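This report covers metal sites, ligand contacts and nonpolar cores. Please read it alongside the coordinates.

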Amino acid sequence: MSRYADIVLPLAQPAYTFAVGEAMEVRVGDAVAVQFGKKSVYTGIVWRLHDIPPRSGTAKPILAVVYDKPLLTELQMRFWEWVADYYMCYVGEVMRVALPSTIKAKARCEEEFTPYIPKRERTLRLVKEACNDEAMAKLQRRAPKRYSVVEALVAAGGEIARSALDVDATTLNALCKAGFTEWGERDFVRDIARTKTLLPTLSEAQQRALEELRKGLSTKSVALLHGVTSSGKTEIYTHLIEEQLAKGNDVLFLVPEISLTTQLVERLRRLFGEGVTPYHSKLTPVQRTKIYTDLISSNGGNLIVGARSALFLPLDRLGLVIVDEEHDSSYKQTEPNPRYNGRDTAIMLATMYKAKSVLGSATPSLESFANHLSGKYAYTHLSERFGGVEMPEIIVSDTVRNVKRNERKRHFNKVLVDAINERLERGEQVILFQNRRGYSPYMECPECGFSARCPRCNVALAAHQHQGRLVCHYCGYSEEKVTLCPNCKSEMRPMGFGTERVEEAVAELFPQARVLRLDGDTATSSTAYNRIIGAFARHEADILVGTQIVSKGLDFADVTLIGILNGDNLLTASSFRAEERAWQLLMQVAGRAGRRDKRGEVIIQTSEPEHHIYSSIGDYEQVATRLLNERKRYGYPPYTRIVRIMMRSHNSGVLVEASISLGERLRNRFARRVLGPVTPLIDRVRGEHRVELLLKIETEASYARAKAILREEIAKLRTDGKAKGVTIICDVDI
Ligand code: ADP
Ligand code: ZN
Ligand code: ZN
């Protein structure tokens, strides 16, 4: 028996050595409880067993083995190690996203893996007698949030698991106190639909695409399915999925946004029944633990639909990974470590399991498209929509000219106003897109130029009308809205416009229209999101005003007009990806129009109608080729790979010196591949100053070697004492 175990804890720390008790049986991959620090008990994973005592001090004993089975297989351990190594973080940080956890409120470091598998679950029940019409009408008026819970309970037949209710405890307790509901308990049920229908017959074009995919995947491990919106990509996936499930293999279906899982899971359950499991971070730790441990003892045949964290589930018989909307930037985790890209990590996972990957998109990322051009990926293109629905007509409308001619009303050019009126008359639906939430991005004094800024972040505070407050979109700070300038007492004016202000303008210009708004402020939970989407799908509203959220995966039969209120602010981002993102977003938003029997129309308002982004939106190849040429010329991905080195500190003096010093060190090793230090656009967040450096590595060079040198230089900077109190974070593949 080995006497020591190296244990990975859910911390930004290396593995620590603990002693294995005489009578204790410990295996690699086991979850064990250990004491770390003065008081904290953590669950850690046994990474290595050996007989080498620690170099200093004595090893503390392992307290207990938490589960009767190891939580990780060898292969999963190699996978975690790959993620940590590639994305330059600790394996312990990978553990944080990989395993379900209860996050303790105070510090990130105090996270703990719950060694608890539920048999019973808490529920909320409706007290039917209390819910008479009069009481309900009153509740609806006075407390709409509470009322919506009662509505949900009625719809579900009177009882819902607490964990399935995305509602705060205060609201639920208030309902119980008022006698409308009560707490209950029942056996844990995994809600599973059992009906099963046959897969839909594919159209000729879809059948051809499916065959091309199959053929491509017989020789290559990754295939790119490039299919315009509504071409039936999902239908094609289902055929690939069925083959795998029939073989008893597991399938992982990744989507970029949690909100998209609900509808997809419903659709897939109708085809595949019980084995379809959603998995994402909005599930409770208890639900996630249940799924995780069930999978350990499963024998394959599972279909998991999830966000990127589903990559870490124990799927021993993984046969296929699907990455839908593979171009979506939400696949990249931006905060905290591991800052991994779900798409790229999925491909690595599939490779380790000798499984296949299928990437799907109407607007493939330039990276994936380049991999197709170079022959690395198999590729198939579906250029027509299912049922022959035409692509929408795109109209670019000149805002400046409208203003000059006095034809602009509030935020609407004449052509858009006319088009909306036409739709309203015909009983069709409209989506209005504006990628800013809130009322206006900032308030400004017209006399002295004063605008309120966040005291903790170097940004202007956004105005939110309904709360009458100014809010920081970076840290959540908010303050009372001032109407008069504190300097000169002039009346403050809202500058620019967000979705709230659009909603207000719609109400004024189209008083007969029913309006819904979908953005970060209204879609605060998946229940709220589904309520809004559901209502619009049932045509309970004529106009949907929304941010990016409306561009993703939605399918409304009656929408025949999309208005993009301000194309200009799609292009203001400072990233080298700004134009790619803007173009993909325009194409995705446009794809929501005219999905069934009606040809749609997309109206883009802009002050720069000549901008080349508008000239060829619909021609994917042409735009992709132009952008790829630009990337090549200026040395950006996919022709280089970029690590962003972010440095943060409360002490700006130390920060500046540390960053200059690191910049010099890196330039000695990498010469002109180092850019910066520069101050990012938002140079202070939550009181911390920020500086960054970029390291650009040619694709032909060894990325691993470059990152090793980078690690070395950061370590030296620390031992020199030049970076006291400076947080240094590496973001790989920005
Ligand atoms: P995409 O994922 O490419 O946007 P979907 O798979 O969601 O497209 O298909 C768009 C719409 O067309 C859906 O409502 C879908 O049910 C329908 N559809 C696509 N292919 C078929 C088919 N072969 N048979 C029946 N309906 C189909
Ligand atoms: Zn002023
Ligand atoms: Zn702030």
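The text below takes the zinc sites, then ligand 1, then the cores.

This is a predicted model, in which local features need pLDDT of at least 70 and side-chain atom pairs count only at pLDDT 80 or more, while totals for chains, interfaces and linings use all residues. Residues are numbered from 1 along each chain as its sequence is written, chains are lettered from A and ligands numbered from 1 in the order in which they are written, and side-chain values use heavy atoms, with hydrogens and water left out.

**Zinc sites**

Donors are N, O and S atoms within 2.8 Å of the metal (3.2 Å for Na, K and Ca); water is not among the atoms, so sites may look incomplete. Four donors count as tetrahedral if all angles lie between 85 and 135 degrees.

The zinc ion (ligand 2) is held by the SG atoms of Cys 445, Cys 448, Cys 485 and Cys 488 at 2.2 to 2.3 Å. Its site is tetrahedral, with angles of 98 to 121° among the four donor atoms, and the donors have the spacing C-x2-C-x36-C-x2-C along the chain. Cys 448 sits in the loop between β18 and β19 and Cys 488 in the loop between β21 and β22 (493-495), so this pair ties together parts 40 residues apart in sequence. Strands here are DSSP runs of E, at least two residues, numbered from the N terminus. Buried means under 20% relative accessible area, exposed over 50%, and partly exposed in between (1.4 Å probe, protein chains only). Cys 448, at 39%, is partly exposed, and Cys 488 is also partly exposed, at 32%.

For the zinc ion (ligand 3), the donors are the SG atoms of Cys 454, Cys 457, Cys 472 and Cys 475, at 2.2 to 2.4 Å. The angles among its four donor atoms are 107 to 113°, and the site is tetrahedral. Both Cys 457 and Cys 472 are buried.

**Ligand 1**

Among the 18 residues around ligand 1 (a heavy atom within 4 Å), Thr 201, Gln 206, Ser 230, Lys 233 and Thr 234 come nearest. The table lists polar contacts, which are pairs of N or O atoms within 3.5 Å.

| Ligand 1 atom | Protein partner | Distance |
|---|---|---|
| nitrogen | Thr 201, polar backbone atom | 2.8 Å |
| nitrogen | Gln 206, side-chain N or O | 2.9 Å |
| oxygen | Glu 235, side-chain N or O | 3.1 Å |

**Nonpolar cores**

A nonpolar core is a set of buried Ala, Val, Leu, Ile, Met, Phe, Trp, Tyr and Cys residues joined through side-chain atoms within 4.5 Å. The largest has 75 residues, and Trp 80, Leu 252, Phe 312, Ile 645 and Met 647 have the most contacts inside it. Another core, of 69 residues, lies apart from it and includes Ala 378 and Phe 556.

Conventions
Four donors count as tetrahedral if all angles lie between 85 and 135 degrees; four count as square planar and six as octahedral if opposite donors are over 155 degrees apart and all others between 65 and 115; anything else is irregular. A polar contact is a pair of N or O atoms within 3.5 Å; within protein, one must be able to donate a hydrogen and the other to accept it, and residues adjacent in sequence count only if both atoms are side-chain atoms. Helices (H or I, at least four residues) and strands (E, at least two) are DSSP runs, numbered from the N terminus.
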